[in-house]
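Please work through the following exercises with the sequence and the model at hand. Each task is followed by a solution in steps.

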Amino acid sequence: MKKFKLYNNIAGWIVFIVASTTFLLTIEPTASFWDCGEFIATSFKLEVGHPPGAPLFMILARFFSLFTSDISHVAKMINSLSALASGFTILFLFWTITHLTVKLFNTTKLTISQIIVILGSGIVGSLAYAFSDTFWFSAVEGEVYATSSLFTALVFWAILKWENVANEEYANRWLIFIAYLMGLSIGVHLLNLLAIPAIVFIYYFKKYKVSRNGIIKTSLLAILILGTVQYIIIPGVIKVASWFELLFVNGFGFPYNSGVFFFTVMLIFLIVYGLLYSVKKQKVLLNTIILMFSVILIGYSSFAMIVIRSKADPPMDENNPENIFSLLSYLNREQYGDRPLLVGQYYNSPLDSKKPYKKGIKTYTPINGKYKVTNQKDVPNYDSRFTTFFPRMYSSENRHIKAYKQWANITGRKIRYRDGSGEQKTIVMPTFIENLKFFFKYQVGHMYFRYFMWNFSGRQNDIQGHGSILNGNWITGINFIDNYLIGNTEKMPESFKHNKTRNVYYMFPLILGLIGLFYHQKKDIKQFWVVLLLFLFTGLAIVVYLNQYPYQPRERDYAYAGSFYAFSIWIGLGVAAIYNSLHKKVNSLALSISIAIVCFLLVPVLMANENWDDHDRSNRYTTRDFASNYLNSCAPNAILFTNGDNDTFPLWYAQEVEGIRTDVRVVNLSLLNTDWYIGQIKRKAYDSDPVPISLKEDKYIQGTRDIIYIYERIKDTIELQDAITFIASDNTNTKLRPGNGQEFDYLPVKNLKLTIDSENVIRKGVVSENDRNKIVSQMQWKLNRSYILKNDLMVLDLLANNNWKRPIYFAVTVGSKNYLNLEKYFQLEGLAYRVVPIKSNTQNGEIGRIDTKIMYNNMMNKFKWGGINNPNVFLDNTNMRMIMNFRSNLARLANALLSENKKDSAITVLDRCVQLMPDSLIPVNYFSIPIAEAYYKAGERDKADNLVEKINVKSTEKLNYYFSFTKNQIKLIDLDIRREMSVLNELIRICDQYQNNEQSENIKSKLGELYMKYNENLK
């Protein structure tokens, strides 16, 4: 066994080197999209990110960032943290697999053949996980999931180490070590806690004789311990501290934080007393429990950094958790709302007619030496007759309801009831069977099993799938299976076949894992149950807990990485299973080598070969460069409104880390609904002055003016400042009083105006002298809504009080519902619309006018492109969607230049667009049509004809592929078919308009044939 331990250690470190080298070679050299920009920015300057925080990750990332003197390399160093953490995860996975495989051989003396099989099992299983789609994705970016995976791997390995020495003296130190790791992991992500049930069962199997009652009790204990850590220790310690704080400050009149200090001292005293008592009385179990509780708290104490940094009021200080009450809200993620789990409403459940709302959590704010309740949200109280056990379809958003009905094929059951006014109504409620159908089809099938198969069978592409057979599905690479899953693969367009994100493993990892699973169950039922618990609690248990609604903003496979980790253990054991079934018939040494090599080639090597091209992010700088393009679309000292993750977090990274355009204040409209964020943007940050919002804190504190109803009593148009004054007034005459004793803030007018001083806007550079005659005397617009939210109020207040001192922009990615009907006063200057006092008449659905001089300078001289035209740079679907904004805006710029008779400049823009976004890398599509049309307008017929032909070929290929499907499949992609047909119709229009008769007739002929096929399939 000594030799095996040596070989095991050497092989483990070799696996670590292979995995780490792979990840380091493929990391993104700068920030990535989604949360990465925020995590890197908050880590670099130890600021406060989104709830519930990741302070330990931030500390580790900050440490890694210290190893570079070049700020442009900070992201790369933090990404390297994820790469190395992932490498160590694979190392501990290897040792876990070899530990479990050794137990299967059940011998104290291993033969050389057995050693080869054991090491082969570890290599195949661990590298299969290393090269899996989900794990590799997180390993190359600055996010918490790679570090979280390391904690899961480490604690699972540690409990197996304890198992080896469980009956020896001081063995409990491993349990205390695990508890400490659990405490630390809270400062990264809570996913690691889901390993607790598996750990509890390892302890039970080692220490007790197995019985049915014992398993039941252990199951309950495992869930109890998990619930205790997640729901009592994590928020509970802070909650109890808040009780003491409230008592000492509000009750005894002591200064702020006195109650927290007293509670902390009392807690330390109780822990010390408990330890001394347990030692004195020789109560080993009690001593171990207290020590484990203590080290969990020590690990958990990393959250003190959140409070300390929040006290310093950094530019990024989400939720402002600088006192015990705001910290508790931060940890509980209260800003994200809640969802029902065990009992709750359906999407159309009515409120209780007698008590429609109940009081929710109180918000305590420090004011004048006391904590005062400044808000207590009303929580909907649903009629208990219309609630259900295990509610899965609860969101009342219209598109979610539509998706519920599609996924569950809801026919429902009609229920009559009387509403609060006594009126008789009928509701069509889903049945419980339909509720379960949605759970199994969408939440389990689509949002877990699909991801599972991505990793161990194959993936169609990286376009987010919402149920369409064209996008985001799992595949196998075996034609007859894939034809059933995603349609006729033989007629698939070349662009689909050669999509880098199309990966096929022919189900080899899945099959090997299933072999290992059944072999494990047969040979060692105890250890099988341990791995199964890890698999289930990090997989299906998360599905139940998340209770996801349809149309998630992004794919969520990263949440289930722990489940895929557990399955990879079985992949490794599959090698041993094959050897065990054949070794008595064939020479053992040759067999062990052959099996190890074949499994190695068919699983990890195949997966690495398939996944490398779409997981290699080296040389890709799109996130940083696109962020700088948003910022460089703005004039100096601008205010830029954003709304989503990908038009906010990368910009924060660009400013906070690389210092790009720190004069621009990025204002996220989603966060602008919170009082703490409004307070932050009213402070100076770097080169950006405070945002000029006139309302004082007491006018927008949470619970005040969260919603303002629009009740049109005045038909005239009133000055915007007068509207703000009315809303801000506390006079009871400015409130709606429906008669139930309540008061509501409201606005009595829909038509608003902002009077313009033309000399002022020209003097401040808002409008050039050449456009003087276009300036309106009044900006007038109508609020076509029944209410506005707090963020809308802040935008209106800013417009009323800015007096054109600072340029105001909306990012092009902000949804039109946030425009407040101001878009007729927008001016496109790049990736942002500037609010200007010039009224534009938009055509073809385009928004705003264009200042060609500004936009040309921005897009042609200032913009960076992140390597999008480099064939060696992988562009995922998120990048592709971003690039469509560039293609669209370059087309708009070219057309605007042509309308000003600036033909040469327009051709330069068009050529730049085609050169930056070649069809070979960024396939032509609907957004390419305006480019072709602009070429025709500019007299560049050859370029236009060439582009038209490329678009025609692409759309025709897609339609021929779509019509090769079955009739039922075609019905599912009707929208995609009609989209491509509209592209061909547009091509016919511009070909006819610019006398390209030959191509026009050709496309008409093809389209006619396609329409016949379409109509045949509709019958």
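**Exercise 1: a helix and its surroundings**

Task: State which residues of α37 are buried, and against which helices they pack.

Solution. In α37, the buried residues are D974, D976, I977, E980, M981, V983, L984, L987, I988, I990 and C991. Buried means under 20% relative accessible area, exposed over 50%, and partly exposed in between (1.4 Å probe, protein chains only). Helices (H or I, at least four residues) and strands (E, at least two) are DSSP runs, numbered from the N terminus. This is a predicted model, in which local features need pLDDT of at least 70 and side-chain atom pairs count only at pLDDT 80 or more, while totals for chains, interfaces and linings use all residues. Residues are numbered from 1 along each chain as its sequence is written, and side-chain values use heavy atoms, with hydrogens and water left out.

Next, the packing partners of these buried residues are α34 (929–937), α35 (941–962), α36 (967–972) and α38 (997–1018); contact means heavy atoms within 4.5 Å.

Task: Compare the expected span of α37 with the distance between its end C-alpha atoms.

Solution. The expected span is 1.5 Å times one less than the number of residues. For the 20 residues of α37 (residues 974–993) this gives 28 Å, and the end C-alpha atoms are 29 Å apart, which agrees. After α37 comes Q995, with a positive phi near 55°.

**Exercise 2: a sheet**

Task: Give the strand order and identify the edge strands.

Solution. The open sheet has three strands in the order β12-β15-β16, with mixed pairing. Its edge strands, β12 (718–719) and β16 (778–782), each pair on one side only. Strands pair if DSSP finds at least two bridges between them. β15 (residues 751–755) and β16 pair in the antiparallel sense over five bridges, and K753 stands opposite Q780 in β16.
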